[in-house]
Amino acid sequence: MKKVLLVAVMMLASVSTFAQHVVGSVTIQPKLGMNIASMTSADDTDVRIGAVLGAEFEYQLAEKISFSAGALYSMQGIRASEDGVKGTLKLDYINVPILVNMYVAKDFALKIGFQPGFNVNNSVKAKVGGITATADNPIDAKTLDLSIPVGASYEFNNIVIDARYNWGLTKVFDGADSKNSVFQFTVGYKFSL
């Protein structure tokens, strides 16, 4: 009888261990959140706070390893102010994060990957006194941005809280050393497919 109870407990424990991350399963996760964006080598500038939204698919390769890929609209850029002039450089991208997710504890994953981004908005908004002016495509920003996303996520009842740092690899402009540097915080909901 003790052996039967022990086997039953072990089976229940293994079901609860594997129930969340079934090998071969595919999920989709719509998500939204906030970026805290800046650029390296951009002195005397402030961060631009922007939105990020989109969705990611995840394929569970093994009990503790999965791959994910998605598309996220990401508001990036910088803000600056000098001598009464306030300006915002808006650089918005469609980012395509491709990640390896390592589940190091129940519902807790560490992430690393590669992320191409495609510039879809390049504009400057300036305010002098009470006058505001906007210019589209004022700076020749590169259309392709490459970065390495590194982060962690935690799942609870299919709700996923994700924090990442997107470390820019490519220069944002020709002739300048500035690269994107983005902290990203999102909340999503996982659906099984």
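A residue counts as buried when its relative accessible area is under 20%, as exposed when that area is over 50%, and as partly exposed in between. The legends below use these words for a model that is predicted.

**Figure 1. Overview of the predicted protein, which has 1 helix and 11 strands.** Read along the sequence, the helix comes before the strands, in the pattern α-β-β-β-β-β-β-β-β-β-β-β. The protein has 193 residues, of which 33% count as buried, and its accessible surface comes to about 10900 Å², with 68% of that area belonging to carbon and sulfur atoms. Among the contacts between residues at least 6 apart in sequence, 61% join residues that are at least 24 apart.

**Figure 2. Close-up of two loop residues, D107 and N158, with positive phi values.** D107 is found in the loop between strand 5 (98–105) and strand 6, and its phi is near 70°, a positive value in a residue other than glycine. Because its relative accessibility is 10%, D107 counts as buried. N158 also has a phi near 70°, and this residue lies in the loop between strand 8 (144–156) and strand 9 (159–171). With a relative accessibility of 32%, N158 counts as partly exposed.

**Figure 3. Close-up of the salt-bridge network that links K31, E56, K111, D162 and R164.** A search of the whole structure finds 11 salt bridges, and one of them joins the side chains of D162 and K31, with an N to O distance of 3.8 Å. This pair links distant parts of the chain, since D162 belongs to strand 9 and K31 to strand 1 (residues 26–39), 131 residues apart. D162 is buried at 3% relative accessibility, and K31 is buried as well, with a relative accessible area of 4%. Within the network, the side chains of R164 and E56 meet in a salt bridge at 2.9 Å, N to O. R164 lies in strand 9 and E56 in strand 2 (residues 46–60), so this pair ties together parts that are 108 residues apart in sequence. Both R164 and E56 are buried.

**Figure 4. Close-up of the salt bridge between the side chains of K190 and E58.** The N to O distance in this pair is 2.7 Å. K190 sits in the loop between strand 10 (179–189) and strand 11 (191–192), whereas E58 is part of strand 2, and the two residues are 132 apart along the chain. K190 is buried, with a relative accessible area of 10%, and E58 is buried with a value of 8%.

**Figure 5. Close-up of Q76, a buried residue in strand 3 (residues 65–82).** The relative accessibility of Q76 is 2%, and therefore Q76 counts as buried. Leaving aside residues up to four places away in sequence, Q76 touches N35, A37, R48, L89, K90, L91, D92, Y93, N95, N180 and V182. The C-alpha atoms of Q76 and V52 are separated by 9.1 Å, although these residues are 24 apart along the chain.

**Figure 6. Close-up of two charged surface patches, one positive and one negative.** The positive patch is formed by R79, K86, K125 and K127. One of these residues, K125, lies in strand 6 (residues 108–128) and is partly exposed, with a relative accessible area of 39%. The negative patch is formed by D43, D44, E82 and D83. D83 is found in the loop between strand 3 and strand 4 (85–95), and at 73% relative accessibility D83 counts as exposed.

How values were computed. Residues numbered from 1 in each chain as written. Predicted model: local features only at pLDDT ≥ 70, side-chain atom pairs only at ≥ 80, totals over all residues. Heavy atoms only, no water. Patch = residues over 30% accessible without salt bridge, like charges linked within 9 Å, V, L, I, M, F, W, Y side chains within 5 Å. Areas by Shrake-Rupley, 256 points an atom, 1.4 Å probe, with all protein chains shown as cover. Salt bridge = Lys/Arg side-chain N within 4 Å of Asp/Glu carboxyl O. Lys, Arg positive; Asp, Glu negative; His and termini not counted. Charge placed at Lys NZ, Arg CZ, Asp CG, Glu CD. Helix = DSSP H or I, 4+ residues; strand = E, 2+ residues; numbered from the N terminus. Buried < 20%, exposed > 50% of the residue type's maximum accessible area, 1.4 Å probe, protein only. Contact = heavy atoms within 4.5 Å.
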